[in-house]
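Trainee: Could you take me through one part of this model in detail, at the level of individual residues and their contacts? I would like to follow the reasoning as well as the values.

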Amino acid sequence: MDSLGLVYKAMVAEGNASERTLAKAAVMELLETQPKLLERVKLMWVDAGYRGEVFGLGIWLMIQATVEVIKREGREFQMLPKRWIVERTFGWLNWYRRLSKEYEKFPEVSEAAIYALHDSLNATAIGYLKIYFIDRL
């Protein structure tokens, strides 16, 4: 996901899969299929689940990007910088009924639903922008 909340790659897996391993696999798959997409990535913000030198080194070796862990100070609720982008995108995905619950038997179907909804959201946003700017002319 980029800093606007646009999904680069979605991977749906079983609940006991390591997030770090899946993130590295997603980056590797993007490198194989769309290497131009990752050329400009210089910094990757991650939550505390991705901490550790091994993950950061793996990302650096693949795309030469620095990994910055966004962590909270203390146990009380805090607004974390850049975290709202991810949470907003998850909120958008939960509007779609098929993604709000686990209905699918195969993870590939859920991944396809994420991409379909994301394209629909982008088309809606572009439509709003066109209407906004045309009305301003």
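Mentor: What follows is a close look at helix α1 and its partner α2, with a short look at another helix at the end.

The model is a predicted one, and the values below are computed from it. Helix α1 takes in residues 19-33, and helix α2 takes in residues 53-63. For the 15 residues of α1, a rise of 1.5 Å a residue gives an expected span of 21 Å, and this agrees with the end C-alpha atoms, which are 21 Å apart.

Which residues of α1 are buried? They are A23, A26, V27 and L30. Around the axis they cover an arc of only 95 degrees, and therefore they sit on the same side of α1. The general background is that an α-helix has 3.6 residues a turn, so residues three or four places apart point the same way. On the other side of α1, T21 and E32 are exposed, while the buried residues of α1 pack against β1 (43-46) and against α2.

The packing of α1 with α2 can be described through its geometry and then through its residues. The two helices pack at an angle of about 0 degrees, and their axes are 11 Å apart. Because of that angle, α1 counts as roughly parallel to α2. From α1, the residues R20, A23, K24, V27, M28 and L31 take part, and they meet V54, F55, G58, I59, M62 and I63 of α2. By class, the residues of this contact comprise 9 nonpolar, 1 polar and 2 charged.

One residue of this contact deserves a separate look. I63 lies in helix α2, and its relative accessible area is 7%, which means that I63 is buried, since the cut-off is under 20%. Leaving aside residues up to four places away in sequence, I63 touches V27, L31, L38, V41 and M44. Of these, V27 and L31 also appear on the α1 side of the contact between the helices. I63 and R40 are 23 residues apart in sequence, yet their C-alpha atoms are 9.3 Å apart in space.

For comparison, helix α3 (residues 83-94) has 12 residues and reaches 17 Å from its first C-alpha to its last, which is close to the 16 Å expected at 1.5 Å a residue. Its buried residues are I85, T89 and L93. Seen down the axis of α3, these fall within an arc of 75 degrees, so they line one face of the helix.

Definitions and conventions: Residues are numbered from 1 along each chain as its sequence is written. This is a predicted model: local features need pLDDT of at least 70, side-chain atom pairs count only at pLDDT 80 or more; totals for chains, interfaces and linings use all residues. Side-chain values use heavy atoms; hydrogens and water are left out. Axes are lines fitted to C-alpha atoms, for helices over the stretch in contact, and angles run from 0 to 180 degrees between N-to-C directions. Helices (H or I, at least four residues) and strands (E, at least two) are DSSP runs, numbered from the N terminus. Angles under 35 degrees count as roughly parallel, over 145 as roughly antiparallel, 65 to 115 as roughly perpendicular and the rest as oblique. Contact means heavy atoms within 4.5 Å. Ala, Val, Leu, Ile, Met, Phe, Trp, Tyr, Cys and Pro count as nonpolar, Asp, Glu, Lys and Arg as charged, and the others, Gly among them, as polar. The expected span of a helix is 1.5 Å times one less than its number of residues. Buried means under 20% relative accessible area, exposed over 50%, partly exposed in between (1.4 Å probe, protein chains only). The arc is that of the directions from the helix axis to the C-beta atoms.
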